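Subject: Structure for you to look at

Hello,

Here is the structure I said I would pass on. My notes on a few of its strands and one helix follow below it.

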Amino acid sequence: MKEKDPQTLETALAVLRRGGVVLVPTETVYGLIAGADVPDAAEKIYALKRRPADKRLGFFAGSFAALDETRFSLDDRARRLAGKFWPGALTLILRDVRLGTAAIRVPERPFLQKLLVRFGGLLYQTSANLSGMPDAPDAQSAAAMLAGEADLVVDGGALPPGAKGSTIVDLTVAPGRIVRQGAVTVPEEFL
């Protein structure tokens, strides 16, 4: 379905609520999403990507304010980084009382913002490619790489040439540490 088609949002919500996996464009790369509190949703992404079980999935959140402060460690560094770069191409690794640590991002793409608000919770997220393979430049390439097994493909067009994944910053250590340099540059004083 086309990202700009008004019915796509409703269809994506229905797929997520029933435990399906949706292939979506982000502001960085094409990704896979599934409901974080939906039984078996994570397992579907792992199978689809052929992802090793010891490599955790990240999360999308609708906003910094939507993060549960009893679950995630949201210190001043996290607040400053979120205030400057969210929504956007920055992933923060935070302490998580359920998992130990968790990688979280608030995406900037309007379709994902609307979807997250309507879904009302965290979404699992990862790039839409086979584990270890390069990112796909468009929805058709991503769907073909995954053998067409996503429950819904949202086509947002081709990504800009040279599109990079999000920058990942680990805030479980002090000072914070850049794990992967991606689409945004984080000044040292934010770490």
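Which residues of strand 1 (residues 22-25) point one way, and which the other way? Val22 and Val24 share one direction, while Leu23 and Pro25 take the other. In a regular strand the side chains alternate between the two faces of the sheet. All four of these residues are buried, whichever way they point. Please keep in mind that this is a predicted model.

Strand 1 has two pairing partners to report.

- Strand 2 (residues 30-35): the pairing with strand 1 is antiparallel and runs over 4 bridges. Within it, Val24 has Gly31 as its bridge partner. The connection from strand 1 to strand 2 is a hairpin of 4 residues.
- Strand 7 (residues 152-153): strand 1 and strand 7 run parallel and are joined by 2 bridges. Here Leu23 stands opposite Val153.

The other element I went through is helix 2 (residues 41-49). Its buried residues are Ala41, Ala42, Ile45, Tyr46, Leu48 and Lys49. These lie on the same side of helix 2, because the arc they cover around the axis is only 165°. Strand 2 is among the elements that cover the buried residues of helix 2, and strand 6 (123-127) is another. Strand 2 therefore turns up twice in these notes: it pairs with strand 1 over 4 bridges, and it helps to cover helix 2.

One backbone detail to finish: Arg50, just after helix 2, has a positive phi of about 55°.

Regards

Conventions:
Residues numbered from 1 in each chain as written. Predicted model: local features only at pLDDT ≥ 70, side-chain atom pairs only at ≥ 80, totals over all residues. Heavy atoms only, no water. Buried < 20%, exposed > 50% of the residue type's maximum accessible area, 1.4 Å probe, protein only. Pairing = 2+ DSSP bridges. Arc of directions from axis to C-beta. Contact = heavy atoms within 4.5 Å.
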